[in-house]
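These exercises deal with the spaces in a protein and with the site of its ligand. Work through each task with the structure open, then compare with the solution.

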Amino acid sequence: MRITDTSDLWWKNAVVYCLDVATFMDWNDDGVGDFEGLAHRLDYLSEIGVTCLWLMPFFASPERDDGYDVADYYDVDGRLGHLGDLLEIIRTAKDRGMRVIADLVVSHTSDRHPWFVQSRSSRDNPFRDFYVWRDEPPAGSPANVFPGEEDGVWQHDERTGQYYLHHFYKEQPDLNMANPKVRDEVAKIVGFWMQMGLSGFRVDAVPYLVDPSSAGAHSFLRSLRSYVSRRSGEAMLLGEVNLPYDRQLEYFGGPEGNELTMQFDFLVMQRLYLALAREDARPLADALLERPALAPENQWATFVRNHDELTLDRLTDDERAEVFAAFAPDESMRAYGRGIVRRLPTMLEGDEQRIRMVYSLLFSLPGTPVLFYGEEIGMGENPAAPGRLKVRSPMQWSTSRHGGFSNADRLVGPVVEGRFGPEHVNVSQQRHDPGSMLQFVRRLVERYRNSAEIGWGELTLLDHEHPSVLAHALEDPEGRMIALHNFSREPRELSLAIDRADASTRFVDLLAGGEHRLDERGRLSIRLEGHGFRWLRVLGPDAKRLS
Ligand code: GLC
């Protein structure tokens with residue numbers, strides 16, 4: 001790997017941090033987080049070692065779906081500040097070595113968007129075809145994404161007597177991407193925000209954005225990718241595509257890799273939870289082996305939690321029931337029959353060793369890790385909030401009023417209370433505590449950034465006799481590391497055969513310090529505590545990579 005590749009394809013080993021400006025830091029004390037608050041926290045994010053901020057929707061919106069219902073793509077939500085404030089964030093973040101990407105939510109708009117207001121006004125309005133209208137709901141229509149909250153995907157509109165398509169809430173009419181005028185508008189939106197300094201987009205709900213059955217779907221993504229690459233060499237498209245791997249590969253543009261640059265790995269995430277529930281690493285190992293090979297510039301985005309329900313829709317019914325039983329025993333902890341509305345630390349009942357094992361995995365699995373705000377300090381969710389908002393509670397900065405998030409009487413959402421509330425879990429205390437979760441995550445980020453093989457290397461799973469342990473090696477032309485993770489609460493003794501190693505090979509423990517050598521049988525013998533983990537850098541006598 002040459003230095004030019006590493007910096008050009010910056011997303012191959014980035015550290016992405018997702019946050020919602022509205023719940024991060026409220027500087028003007030009106031109860032809603034704002035750009036100014038975020039500006040004051042950019043140094044905190046750069047201290048963690050974040051290299052890419054993903055801002056959840058900050059556009060003007062009636063907030064039916066927490067901003068994922070956009071009423072104006074060219075303006076920001078006035079509660080957060082104004083466009084100039086956002087520009088300052090983008091500029092300052094770059095100064096601190098962090099790129100900024102944002103949600104591109106164009107599979108649908110808000111029903112308040114002027115296009116839809118026009119579209120629904122009459123059948124011959126020039127904007128009518130910006131959306132999808134039918135006289136009758138077609139037979140065999142798919143289910144709505146929000147079962148229990150919406151009955152279907154077609155909504156009757158009184159004025160013109162037709163039905164419009166909405167895969168999400170009825171206040172989120174689907175745009176008609178088959179219409180070239182809509183595609184042009186999307187290109188303008190993308191161009192505008194790139195000019196404003198964004199380095200890419202998290203492309204929302206991709207399979208709903210383009211009809212996957214139409215031949216045009218992939219040509220649209222191809223043209224979008226080449227358009228953003230023409231506008232900027234650093235442009236990156238990170239797609240939300242929760243589909244089986246063979247379908248995901250299509251959305252990468254197949255072996256040519258000329259559609260989405262990155263995609264979230266939903267399968268690895270779901271199998272990770274199954275592995276945790278079973279204390280058996282094999283479901284995760286199998287998912288890693290099933291991953292299709294990608295073109296060199298493409299990448300998987302790995303994650304443990306995001307802002308949505310932890311979806312388990314790719315597991316079988318029995319597997320999902322196992323994960324529910326282990327981590328969401330109460331119906332109120334679940335959503336849409338498919339997911340969990342909790343954060344990791346509560347699911348793992350605050351078991352610090354086990355939580356750390358999971359984050360160690362996140363940063364050592366091949367791919368680019370994505371953190372959701374608050375994960376770095378072990379925040380929990382607020383069970384009192386409705387639905388998915390449970391995991392979107394205000395960031396916990398200190399033991400001050402409302403966790404230091406705001407001094408307003410009424411907040412955008414309730415702060416977590418109890419064991420995972422700000423009295424016990426907050427940034428300020430953890431910054432001063434060398435043994436804290438925050439310092440642990442900082443160390444992981446630092447080691448990850450020093451280990452290019454995690455983002456770039458070839459994966460090998462190492463053979464051994466313990467199903468509860470994932471032993472994986474990553475190697476690029478300049479270095480090799482081995483990561484060991486014990487899913488069991490019981491200790492495990494491993495004996496591993498290591499390719500191309502001899503008595504001179506050192507195995508430097510990147511997290512705990514110290515080093516190992518092969519034993520007299522020529523094997524690497526390592527003990528892992530219950531839920532223990534290790535990262536070992538494999539160094540020959542001529543090694544150059546830092547340990
Ligand atoms: C994506 C977002 C989710 C949103 C939906 C509709 O799945 O992650 O939060 O509700 O798209 O925009």
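**Exercise 1.** Which residues lie nearest the centre of the largest pocket, and how many residues line this pocket?

*Solution.* The model is a predicted one.
- Step 1: the lining of the largest pocket consists of 26 residues.
- Step 2: Leu294, Trp456, Gly457, Glu458 and Leu459 are the ones nearest the centre.
- Step 3: the space in this pocket comes to about 610 Å³.

**Exercise 2.** Work out where the lining of the largest pocket comes from and sort its residues by class.

*Solution.*
- Step 1: at least two lining residues come from each of helix H12 (282–290), strand E12 (299–303), helix H18 (452–456), strand E17 (458–461) and strand E18 (469–476).
- Step 2: E17 gives the largest share, with four residues.
- Step 3: at the level of domains, domain 1 (10–107 + 177–449) and domain 3 (457–543) each contribute at least three residues.
- Step 4: by class, 15 of the lining residues are nonpolar, six are polar and five are charged.

**Exercise 3.** How many cavities of 30 Å³ or more does the structure hold? Describe the lining of each.

*Solution.*
- Step 1: there are two such cavities.
- Step 2: the largest cavity holds about 50 Å³ of space. Its lining is made up of Asp265, Val268, Met269, Leu272, Thr302, Phe303, Val304, Leu362 and Leu365.
- Step 3: helix H11 (266–278) and E12 each provide at least two of these residues, and H11 has the largest share, three residues.
- Step 4: seven residues of this lining are nonpolar, one is polar and one is charged.
- Step 5: the second largest cavity has about 40 Å³ of space and is lined by Asp20, Ala22, Pro57, Glu63, Asp66, Asp77, Arg79 and Leu80.
- Step 6: in the lining of the second largest cavity, five residues are charged, three are nonpolar and none is polar.

**Exercise 4.** Which residues surround the ligand, and how much of the ligand's accessible area does the protein cover?

*Solution.*
- Step 1: the shell consists of Asp65, Tyr68, His108, Phe146, Phe168, Arg202, Asp204, Glu240, His307, Asp308, Arg388 and Arg392.
- Step 2: seven residues of the shell are charged, three are nonpolar and two are polar.
- Step 3: a side-chain N or O atom of Asp204 is 2.8 Å from a ligand oxygen atom. For Glu240, a polar side-chain atom is 2.8 Å from an oxygen atom of the ligand. For Arg388, the distance from a side-chain N or O atom to a ligand oxygen atom is 2.9 Å.
- Step 4: on its own the ligand has 310 Å² of accessible area, and the protein covers 96% of it.

Note on methods. Residues are numbered from 1 along each chain as its sequence is written. This is a predicted model: local features need pLDDT of at least 70, side-chain atom pairs count only at pLDDT 80 or more; totals for chains, interfaces and linings use all residues. Side-chain values use heavy atoms; hydrogens and water are left out. A residue is near a molecule or strand if one of its heavy atoms lies within 4 Å of it. A polar contact is a pair of N or O atoms within 3.5 Å; within protein, one must be able to donate a hydrogen and the other to accept it, and residues adjacent in sequence count only if both atoms are side-chain atoms. Accessible areas come from the Shrake-Rupley method with a 1.4 Å probe; for residues, only the protein chains shown count as cover. Ala, Val, Leu, Ile, Met, Phe, Trp, Tyr, Cys and Pro count as nonpolar, Asp, Glu, Lys and Arg as charged, and the others, Gly among them, as polar. On a 1 Å grid over the protein atoms alone, a cavity is a set of points where a 1.4 Å probe fits but cannot get out, and a pocket is an open set with protein on both sides within 12 Å along at least five of seven lines; lining residues have an atom within 4 Å of a point. Grid points are joined across faces, edges and corners, and a volume is the space filled by probe spheres set on the points. Domain bounds come from an automatic or database domain assignment.
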